[in-house]
Amino acid sequence: MRITKFLASSLIVPLLAASPAIAAPFSVEQVPGRLPKDVVPISYEIAIVPDSRALTLTGRESIRVEVRHATATLQFNSLNETLHDVRFDGKAVKQVVSNDAEQLTTVTLREPARTGTHTLSFAYDGKIETDPHGLFAQTYATRGEAKDLLLSTQMEATDARRMFPCWDEPAFRATFDLTVTVPAAWATISNMPVAKRVVHGALATTTFARTPNMPSYLVEFTAGDLGKISATADGVKFGVWAVSGSEKDGATALANAQTILGDYNAYFGYRYPLPKLDSIAVPGGFQGAMENWGAITYNDQTLLLSSSSTVASRQEVFSIQAHEMAHQWNGDLVTMGWWDDIWLNESFASWMAAKETDLRNPDWKWWEGQDADKEDAMSADARASSHAIQQHVTDELQALNAFDPEITYSKGQAILRMLEAYLGPDNFRAGIREYMQKHAFSNATTGDLWEALNAAGAKDASVIAADWTGQAGFPLVDVAAQCDAAGARTLTLTQRRFLLRGVDQEHHHWHIPLQIRVGGAAPHPLLLNEDRQTTAAGRCDEPLSVNAGALGFYRTRYDAATLALDTQNFGRLPDTDKIALLDDQWALVESGVDPLPTYLALAASMGSDLDTRAWSQIAEALRTIEFAERGSAGHEAFSAYARSLLRPVYERLGWDARAGETPDVQELRRTVIRDLGSFGDQSIIDAARKSFAAFLLNHDSLSPDYQAPVLRIVAQYADAATFESLHAVARAAKDETELRRYYTALVAVRDPELARQAAQIVLSPEIPAQAAALRLQLIVALAGRHQQLSWQLFREHHEQLLKPFVMEAPILVAQYLPEAYWSGVPTDELDAWVRANVPQEMTSNVDRGMETVRFRVAEKALLTQAADRYLR
Ligand SMILES: [Zn+2]
């Protein structure tokens with residue numbers, strides 16, 4: 001599953017480090033969960049007749065079950081369903097009790113069932129949702145005119161039970177035979193191809209082929225006025241589905257899917273086992289993407305590309321497809337036994353997607369770009385209140401909170417990359433192949449993965465990896481160099497936990513796979529497994545990287561002499577080592593360990609290097625200081641300094657894109673233009689205004705990629721008349737891609753009165769139903785300049801703003817919201833409001849959000865003073 005990335009979040013229950021479920025191999029008996037394991041499903045036959053106008057459904061279900069221990073009680077999940085005519089082996093049962101609070105149905109038999117296979121059957125009435133959980137109806141506008149409606153599903157983590165009563169925990173794999181009756185004019189899609197279709201009057205009854213053994217959370221069904229484009233490659237039928245008329249915008253996605261599947265077949269050494277793979281573009285409310293086996297659903301904005309799409313959109317489409325398709329193995333073919341191990345799905349899919357995106361698009365410099373995600377994860381994980389990748393989930397109703405973008409996804413991805421580099425890509429792949437082969441069509445635990453990696457020859461895998469997945473946080477490696485008389489260097493390496501603020505009171509320890517580079521040589525791996533360790537490292541006059549390639553999920557602090565040597569030689573370091581040094585030095589400055597000039601000296605040493613990630617790291621640090629300086633006497637001096645650092649990059653790149661430039665160089669140009677504009681560079685502001693004037697006459701004069709930075713600068717300095725022009729552009733957006741871009745520019749206004757007008761526009765029906773999720777982003781974006789206004793609007797309209805985020809809302813409020821409002825809302829007020837508006841069990845998430853708030857408040861004072869002192 002892919003969840004909205006503009007939000008940071010985290011989870012509920014802290015990990016019990018030695019939870020037996022985490023280390024042990026998978027077994028049905030041992031796996032946690034609420035349902036008894038004496039009766040397990042084997043196969044489901046489900047027939048539903050949805051009434052999409054009345055938002056109800058009727059269904060019939062027949063489930064083959066295996067009774068493993070004689071019992072007169074069957075218990076399974078249901079929600080908002082009424083069961084009737086419940087029979088066991090054709091005979092009426094004694095009692096049926098459905099409890100929606102517990103999401104359980106308990107069936108009592110007239111006499112205990114013997115061990116062996118039996119059939120449970122019933123009819124039921126259920127409900128169609130209007131939010132994306134279970135079977136939901138999505139309304140959307142077609143070609144700006146009539147409203148239409150389609151049906152789709154989102155089951156993960158625990159919502160299959162909303163469409164049909166079932167054993168809704170991931171360890172209960174079974175086959176599914178789905179039959180649906182919907183309007184005959186509608187297309188219907190499910191995990192498997194259509195086996196049979198009968199039209200009767202205005203309706204058609206479609207039966208899909210039987211699925212493989214799989215967990216209920218992977219069941220998919222979509223129906224509506226949909227069109228498709230298709231292709232066959234390597235024996236698999238690929239389809240991209242979209243609202244009729246838009247399917248042609250899936251051409252890139254269709255090509256991507258074939259490329260990615262071929263690569264994954266080769267990598268996993270296990271062929272994709274289904275006959276078809278559909279990708280479905282769902283308009284509106286459903287915000288992420290979901291890896292349903294054979295029928296992946298995507299928010300349409302993350303699958304379709306039109307002439308108004310940017311390179312960034314193309315990158316997002318490829319990488320999200322690569323993520324969801326990796327799940328066809330990590331998640332679908334082999335499923336985690338319980339939600340504790342959701343990282344086996346999400347970290348792997350994220351890592352595999354980055355690897356594949358990089359492989360197929362070398363000029364995107366994808367891994368360098370992923371460093372920004374890694375940094376976000378490290379910021380989140382540097383909180384004393386952080387949690388481990390593996391986390392204890394006692395109740396499946398809390399499972400959704402285990403999907404933490406920063407830890408489960410980004411940290412997990414970075415850890416796997418670090419492990420792969422240390423263990424060797426061939427060993428690592430051999431271990432994954434072994435794991436797939438051994439657990440195909442079944443479930444597995446983290447322990448099973450380590451065992452497979454060990455068996456494949458990566459001997460230390462389990463010992464090293466457990467440190468990184470089983471405990472929160474990450475280490476700071478202190479590096480002290482000593483030189484002998486001949487100039488040979490010996491490093492003393494020590495480790496301790498890195499925290500945003502302060503020193504860790506408890507002793508933590510990691511097996512740290514270091515990559516050490518001396519001078520221009522290739523890096524060599526070293527496992528730092530002691531609290532203190534020494535190693536030889538070339539000569540004392542050669543530059544040194546202890547995180548070569550920026551592969552590690554740790555921070556490095558060099559002694560003053562080594563840092564000075566690296567700063568002097570900064571221009572000679574490989575780009576990745578520059579990036580690692582910039583990241584670490586900035587984090588050390590932010591946490592008060594090292595003074596600001598140590599970082600600024602690196603930034604000033606970039607010289608003519610045009611590495612995009614290195615510069616975006618610097619630009620972000622400059623934005624952080626500029627934000628801190630707002631309202632203080634030193635603001636203008638700092639803005640001028642920031643301009644002076646970025647201006648030479650702009651001088652080299654110029655305003656206009658040049659033929660033959662790679663996408664990352666163009667991205668660097670846009671970053672620099674955007675930030676110079678924001679920092680008040682008058683020539684950039686003038687150029688943006690000129691470009692906007694031409695754009696108003698002819699939209700084609702400004703390519704989609706450059707529209708966002710130009711319109712943003714124009715909006716920042718807009719007067720009332722310019723604001724009206726921007727608003728007219730937004731109203732005339734020809735599709736949702738443009739609409740999102742133009743309204744996002746509109747809320748960049750700095751003038752307080754115009755900001756109020758922008759807010760009223762954002763809250764008005766001008767934003768169509770399928771783009772409702774945009775409202776929250778726009779109101780929160782206003783917080784950048786207008787904290788009080790944004791906070792007031794958020795509080796007044798939070799129910800409306802959060803409605804599209806039905807799954808993520810508690811985490812968004814608990815953790816993300818404090819991070820948006822730390823600078824303009826008193827900490828106590830923020831804390832009190834958030835705690836009053838999230839469920840009790842989100843307390844640790846609120847603690848994490850508030851830890852960041854306190855850190856930001858302290859950082860603001862620290863950075864303002866440090867920058868003023870530096871510039872004096
Ligand atoms: Zn995922």
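User: What makes D575 and K578 a salt bridge in this predicted model?

Analyst: The closest N and O atoms of D575 and K578 are 3.6 Å apart. The cut-off is a Lys or Arg side-chain nitrogen within 4 Å of an Asp or Glu carboxyl oxygen, so the pair counts as a salt bridge. Both residues lie in helix α11 (residues 575-590), three residues apart, about one turn of the helix.

User: Why is K578 called buried, and why is D575 called partly exposed?

Analyst: K578 has 3% relative accessibility. Buried means under 20%, so K578 is counted as buried. D575 has a relative accessible area of 23%, and the range for partly exposed runs between the buried limit of 20% and the exposed limit of 50%, so D575 is partly exposed.

User: How do you know that K355 and E420 form a salt bridge, and what does the pair tie together?

Analyst: Their side chains meet at 2.5 Å, N to O, and the limit is 4 Å, so the label applies. K355 lies in helix α4 (residues 342-360) and E420 in helix α6 (residues 405-423), so the pair ties together parts that are 65 residues apart in sequence. E420 is buried at 9% relative accessibility, while K355, at 22%, is partly exposed.

User: And what about R210 and D177: what makes that pair a salt bridge, and where do the two residues lie?

Analyst: Happy to go through that one too. The closest N and O atoms of R210 and D177 are 2.8 Å apart, against a cut-off of 4 Å, so the pair qualifies. R210 lies in the loop between β14 (203-208) and β15 (221-224), and D177 in strand β11 (residues 175-183), so parts 33 residues apart in sequence are tied together. D177 is buried, with a relative accessible area of 16%, whereas R210 is partly exposed at 46%.

User: How many salt bridges does the whole structure hold, and which residues are linked in a network?

Analyst: A search of the whole structure finds 44 salt bridges. R60, D85 and R87 are linked in a network of them.

User: Why is Q495 called buried, and what does its side chain reach?

Analyst: Q495 has a relative accessible area of 9%. Set against the limit of under 20%, that value makes Q495 buried. The side chain reaches the backbone oxygen of W510 at 2.9 Å. Q495 lies in strand β24 (residues 488-497). Beyond its neighbours within four places in sequence, Q495 is in contact with several residues, including P475, L476, H508 and L528.

User: How do you know that β23 and β24 pair, and which sheet are they in?

Analyst: Nine bridges join strand β23 (residues 475-483) to β24, and pairing takes at least two, so the strands count as paired. They run antiparallel. One of the bridges has L476 with R496 as its partner in β24. The open sheet has four strands in the order β27-β24-β23-β29, with mixed pairing. Helix α10 (residues 560-568) packs on this sheet, touching β23, β24 and β29.

User: What makes β25 and β28 a pair, and why are β26 and β28 called edge strands?

Analyst: Strand β25 (residues 512-518) and β28 share two bridges in the antiparallel sense, and at least two are needed, so they pair. R517 has S545 in β28 as its bridge partner. The open sheet has the order β26-β25-β28. β26 (524-528) and β28 (544-545) each have a single partner strand, so one side of each is left without a neighbour in the sheet. Helix α6 lies across β25 and β26, at about 65 degrees to β25.

Terms used
Residues numbered from 1 in each chain as written. Predicted model: local features only at pLDDT ≥ 70, side-chain atom pairs only at ≥ 80, totals over all residues. Heavy atoms only, no water. Buried < 20%, exposed > 50% of the residue type's maximum accessible area, 1.4 Å probe, protein only. Polar contact = N/O pair within 3.5 Å; in protein donor to acceptor, adjacent residues only side chain to side chain. Contact = heavy atoms within 4.5 Å. Axes fitted to C-alpha atoms, helices over the stretch in contact; angles between N-to-C directions.
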